[in-house]
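Colleague: I've got a model open and I'd like to learn how to read it feature by feature. Could you walk me through it?

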Amino acid sequence: MFDTKIAIVLRNDMAPWQALNVTAFLTSGIVAQSPDVIGEPYRDRAGNTYNPLSIQPVIVLAADQAAISNIHRRSLERDIKTCLYIEEMFSTGHDAANRAVFAQFAPDDAKVVGIAMRADKKLVDKITKGARMHP
């Protein structure tokens, strides 16, 4: 049904609140990159309206640190624009601080805890190889 796939890969050793927080942040990045992924508002039988949601399913995967580093590397090698969340961002409290701490790391030393992408289905499958469905 879709030519693209949205995948979020989370490091598998995070506390539940961290995994949910990272998922929310990464999802917002996908929406910023691809606003066309958002559908129409929802309306219930009583006439109440609700915010629109993604028109496309989001696959949430889990991987250990080595696998998530490989996924990050493969995304860079294939020039796929991703959303990235690093461990040090847990200690900040706002966007400017997140970007400041993020800028202190390069791909070879970033402790990635989450990465998200929307790209061609087959390419996303190749990049995320080694990750498993999140429990």
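Colleague: Let's start with R118: is R118 buried or exposed?

Modeller: First, bear in mind that this is a predicted model. The cut-off for buried is under 20% relative accessible area. R118 comes out at 17%, so it counts as buried.

Colleague: And which residue forms a salt bridge with R118?

Modeller: Side chains of opposite charge can pair when their charged atoms come close. Here the partner is D36, with the closest N and O atoms 3.5 Å apart. D36 sits in the loop between helix 1 and strand 2 (42-43), while R118 belongs to strand 6, so the pair ties together parts that are 82 residues apart in sequence. Unlike buried R118, D36 is exposed, at 52% relative accessible area.

Colleague: How many salt bridges does a search of the whole structure find?

Modeller: Seven. One of them joins E88 to K111, with 3.1 Å between the closest N and O atoms. E88 is in the loop between strand 5 and helix 3 (95-102), and K111 is in the loop between helix 3 and strand 6, so this pair links parts 23 residues apart in sequence. E88 is buried at 15%, and K111 is partly exposed at 38%.

Colleague: What about D95 and R99, how far apart are their closest N and O atoms?

Modeller: 2.9 Å, and they form a salt bridge. The two are four residues apart in helix 3, so about one helical turn separates them. R99 is exposed, with 51% relative accessibility. There's also a network of salt bridges that links R11, D13 and E87.

Colleague: Okay, on to the sheet. In what order do the strands come?

Modeller: Read across an open sheet and you get an order of strands with two ends. Here five strands run 5-6-1-4-7, with mixed pairing. Strand 5 (82-86) and strand 7 (132-133) are at the edges with a single partner strand each, so one side of each has no neighbour in the sheet. Strand 5 pairs with strand 6 (residues 112-120) in the antiparallel sense, over five bridges. Within that pairing, L84 has I115 of strand 6 as its bridge partner.

Colleague: Which helices pack on it, and at what angle to strand 6?

Modeller: Helix 2 (residues 65-77) does, touching strand 1, strand 4 (58-63), strand 5 and strand 6, and its direction makes about 40° with that of strand 6. Helix 1 (residues 16-33) lies across strand 1 (4-11), strand 5 and strand 6, at about 30° to strand 6. T23 is part of helix 1 and is buried at 18%. Beyond its neighbours within four places in sequence, T23 contacts I8 and L10.

Colleague: How do I tell which side of helix 2 is buried?

Modeller: Look at where the buried residues point around the axis. In helix 2 they are A67, I68, I71, H72, R74 and S75. They span an arc of only 165°, which means they're on the same side of the helix. Those residues pack against strand 1, strand 4, strand 5, strand 6 and helix 4 (121-127). The face turned away from them carries exposed A66 and E77.

Colleague: And what is the phi of D79, which follows helix 2?

Modeller: Positive, at about 55°, although D79 is not a glycine. D79 lies in the loop between helix 2 and strand 5, and it's exposed, with 69% relative accessible area.

Technical notes. Residues numbered from 1 in each chain as written. Predicted model: local features only at pLDDT ≥ 70, side-chain atom pairs only at ≥ 80, totals over all residues. Heavy atoms only, no water. Pairing = 2+ DSSP bridges. Contact = heavy atoms within 4.5 Å. Axes fitted to C-alpha atoms, helices over the stretch in contact; angles between N-to-C directions. Buried < 20%, exposed > 50% of the residue type's maximum accessible area, 1.4 Å probe, protein only. Arc of directions from axis to C-beta. Salt bridge = Lys/Arg side-chain N within 4 Å of Asp/Glu carboxyl O.
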